[in-house]
Amino acid sequence: MNKKILALLSAGALMTAMLAGCGNGGNNTPSSTPSTDENTGDTSFTTIEEGKLIMSTNAQFPPYELVSDGEGYQGTGYEGIDVEIAYALAEKLGLELVIDDMDFDGALLAVQNGRSDIVMAGVTVNEERLVNMDFTDSYANGVQVVIVPEDSDIQSIEDLEGKQIGCQRGTTGFIYCSDTPENGGYGEDAVTAYDDGATAVQALLNGQIDCVVIDNAPAQEYVNANPGLKILDTEFANEDYAIGVAKGNTALRDALNVALDELEADGTIQGIIDKYIPAEG
């Protein structure tokens, strides 16, 4: 694990420059209006549109967020752990949840550019993201794993050397894997970036790459839907998910943390997680 943490920290400078270059090309401060917390009467935090909580996400990350075949959860058109938690948070804050689906990098940048209030897409807190965004307390844990064909000669993390790895663009898995070998990665040439996990898994099925590094929950979904694939027993990384907000928007972050605490205390969050990821046993 120390090897992966070192890779993440050393990749920070490059990724920070990339994100800052895309996210700070002008004055992107949103024209916000106060929103009222119906439970406390607090009007200190603001949102981009009055009465709404706009969430950017990448709805290709089951079971955290995915496009629904029907109306979705509460008519949002989407479903998943993040969707239901975000809806519960919006209710706590007296706001209407609005979900904006886009690629993962775009979801991160939307918060930085003032086009969304929050980003929830299985987002891990790391050094470079902390430069450009603020984060709430963690609400869920994510384990990154490796998907391979059942007949693959890749049996452990150590066997990834010299293989072609598929990752979702912008994720920590991509950062870890594409870093230099000196810093614990495999080099940029060894990694192919895809817009979402589903595309990466399809490339694996097509024989274009040797494996996919992705979070365990969506990995389970992809493997169950695609016979002939399996997940290595060894974890690639263990991380915590949090909600990203615009840098300096501490009032909204703090309001979300209060709401998260209440949802944790009354069992709502665990109930949502258990609904989508039943406990083993």
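Arg169 is partly exposed in this predicted model, with a relative accessibility of 34%. Its salt-bridge partner is Asp195, and the closest N and O atoms of the two lie 2.4 Å apart. Asp195 is likewise assigned as partly exposed, at 44% relative accessible area. This bridge is one of 7 salt bridges found in a search of the whole structure. The points below cover the salt bridges, the cysteines, helix α3, the β4-β5-β6 sheet and the aromatic pairs.

**Salt bridges**

- Arg169 belongs to the loop between β11 (165-168) and α5 (172-178), and Asp195 to the loop between β12 (191-194) and α6 (197-205), so their bridge ties together parts that are 26 residues apart in sequence.
- A salt bridge also joins Lys275 to Glu84, with 2.6 Å between the closest N and O atoms.
- Because Lys275 is in helix α9 (residues 268-276) and Glu84 in helix α2 (residues 81-92), this pair ties together parts that are 191 residues apart in sequence.
- The two partners differ in their surroundings: Lys275 is exposed at 53% relative accessibility, whereas Glu84 is buried at 6%.
- Asp134 and Lys247 meet through their side chains in a further salt bridge, with an N to O distance of 3.3 Å.
- Asp134 is part of strand β9 (residues 133-135) and Lys247 is in the loop between β16 (244-246) and α8 (250-265), so the pair ties together parts that are 113 residues apart in sequence.
- Within this pair, Asp134 is buried, with a relative accessible area of 11%, while Lys247 is partly exposed at 47% relative accessibility.

**Cysteines**

- The structure holds 0 disulfides.
- For Cys177, the closest cysteine sulfur is that of Cys167; the two sulfurs are 4.0 Å apart, which is too far for a bond, given that a disulfide requires sulfur atoms within 2.5 Å.
- Cys211 is in no disulfide either, since its nearest cysteine sulfur, that of Cys177, is 7.3 Å away.
- Cys177 is buried, with 0% relative accessibility, and Cys211 is buried with a relative accessible area of 0%.

**Helix α3**

- Helix α3 (residues 104-112) is largely enclosed by the rest of the structure, because 8 of its 9 residues are buried.
- The buried residues of α3 are Phe104, Gly106, Ala107, Leu108, Leu109, Ala110, Val111 and Gln112.
- At the N-terminal end of α3, Asp103 acts as a cap: one of its side-chain oxygens lies 3.2 Å from the backbone nitrogen of Asp105.
- Gly114 follows α3 and has a positive phi, near 75°.

**The β4-β5-β6 sheet**

- An open sheet is formed by 3 strands in the order β4-β5-β6, with antiparallel pairing.
- Its edge strands, β4 (60-61) and β6 (78-79), each pair on one side only.
- The antiparallel pairing of β4 with strand β5 (residues 65-67) extends over 2 bridges.
- Glu65 in β5 is the bridge partner of Phe61.
- Phe61 also takes part in an aromatic cluster, together with Tyr64 and Tyr241.

**Aromatic pairs**

- The structure holds 5 aromatic pairs.
- In one of these, Tyr73 and Tyr87 are edge-to-face, because their planes stand at 90°; the ring centres are 5.4 Å apart.
- Tyr73 is located in the loop between β5 and β6 and Tyr87 in helix α2, so this pair ties together parts that are 14 residues apart in sequence.
- Tyr73 is partly exposed, with 23% relative accessibility.
- Tyr176 and Phe236 form a tilted pair, with 6.3 Å from centre to centre and 45° between the planes.
- This tilted pair links distant parts of the chain: Tyr176 is in helix α5 and Phe236 in the loop between β14 (229-231) and β15 (237-241), 60 residues apart.
- Both rings of the tilted pair belong to buried residues, Tyr176 having a relative accessible area of 5% and Phe236 a relative accessibility of 2%.

Conventions
Residues are numbered from 1 along each chain as its sequence is written. This is a predicted model: local features need pLDDT of at least 70, side-chain atom pairs count only at pLDDT 80 or more; totals for chains, interfaces and linings use all residues. Side-chain values use heavy atoms; hydrogens and water are left out. Buried means under 20% relative accessible area, exposed over 50%, partly exposed in between (1.4 Å probe, protein chains only). Helices (H or I, at least four residues) and strands (E, at least two) are DSSP runs, numbered from the N terminus. A polar contact is a pair of N or O atoms within 3.5 Å; within protein, one must be able to donate a hydrogen and the other to accept it, and residues adjacent in sequence count only if both atoms are side-chain atoms. A salt bridge is a side-chain nitrogen of Lys or Arg within 4 Å of a carboxyl oxygen of Asp or Glu. Two strands pair if DSSP finds at least two bridges between them. Rings of Phe, Tyr and Trp (its six-membered ring) pair if their centres lie within 6.5 Å; planes under 30 degrees apart count as stacked, over 60 as edge-to-face and the rest as tilted.
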